[in-house]
Amino acid sequence: FAVIFTSQRTEVDDGYDAMAERMVEFAAKQPGFLGMESVRDASGCGITVSYCVSLEAIAAWRAHAEHRIAQATGRRQWYARFETRIAKVERTNSGP
């Protein structure tokens, strides 16, 4: 499964980078976590895709205590807008 998080950052930083680093560290330790890819452009528009083995693994990460704090802070000050989508990955192809 892929969790696709798109967002538009506000200009408020106030610990964002440190929290983002912590979330990557915590996510990597979660059962069922497969990996993550993330990009953000100069205007603050970002896309993060996290991969998990199951919907249960996604739900567990969503409920993780530290992640809940990050979510609340993001809603309150770091994101002007955001959207989360969950998709089932049917196939992958890789190249050189």
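Let us start at R81, which is partly exposed because its relative accessible area is 46%; buried means under 20% relative accessible area, exposed means over 50%, and partly exposed lies in between, all with a 1.4 Å probe and protein chains only. Before going on, please note that this is a predicted model, where local features need pLDDT of at least 70, side-chain atom pairs count only at pLDDT 80 or more, and totals for chains, interfaces and linings use all residues. Residues are numbered from 1 along each chain as its sequence is written, and side-chain values use heavy atoms, with hydrogens and water left out.

R81 sits in strand β4, residues 79-87. Helices (H or I, at least four residues) and strands (E, at least two) are DSSP runs, numbered from the N terminus. If we set aside neighbours within four places in sequence, R81 touches T6, S7, Q8 and C45, where contact means heavy atoms within 4.5 Å. G95 is another matter: it is 14 residues from R81 along the chain, and their C-alpha atoms are separated by 33 Å.

Now for the aromatic rings. Rings of Phe, Tyr and Trp (its six-membered ring) pair if their centres lie within 6.5 Å; planes under 30 degrees apart count as stacked, over 60 as edge-to-face and the rest as tilted. By this rule there are five aromatic pairs. In one of them, the rings of Y16 and W78 have centres 5.3 Å apart and planes at 80°, so this pair is edge-to-face. The pair links distant parts of the chain, since Y16 belongs to helix α1 (residues 16-28) and W78 to helix α3 (residues 65-78), 62 residues apart. Both partners can be placed by their accessibility: Y16 is buried at a relative accessible area of 11%, and W78 is buried at 4%. Together with F5, Y79 and F82, the residues Y16 and W78 form one aromatic cluster. A charge joins the picture too, as R9 lies over the face of Y16, 3.7 Å from the ring centre; a charge sits over a ring if NZ of Lys or CZ of Arg is within 6 Å of the ring centre and within 35 degrees of the ring normal.

Next, look at how two helices meet. The axes of helix α2 (residues 55-63) and α3 come within 5 Å and cross at roughly 70°. These axes are lines fitted to C-alpha atoms, for helices over the stretch in contact, with angles running from 0 to 180 degrees between N-to-C directions. The two helices are therefore roughly perpendicular to each other; angles under 35 degrees count as roughly parallel, over 145 as roughly antiparallel, 65 to 115 as roughly perpendicular and the rest as oblique. On the α2 side the contact is made by W61, R62 and A63, and on the α3 side by A65, H67, R68 and Q71. Q71 counts as buried, at 15% relative accessibility. The C-alpha atoms of Q71 and C45 are separated by 17 Å, with their places 26 residues apart along the chain.Finally, visit F26 in helix α1. F26 is partly exposed, with a relative accessible area of 24%. Leaving aside neighbours within four places in sequence, F26 is in contact with W61, H64 and E66. The C-alpha atoms of F26 and E66 are separated by 8.3 Å, although these residues are 40 apart along the chain.
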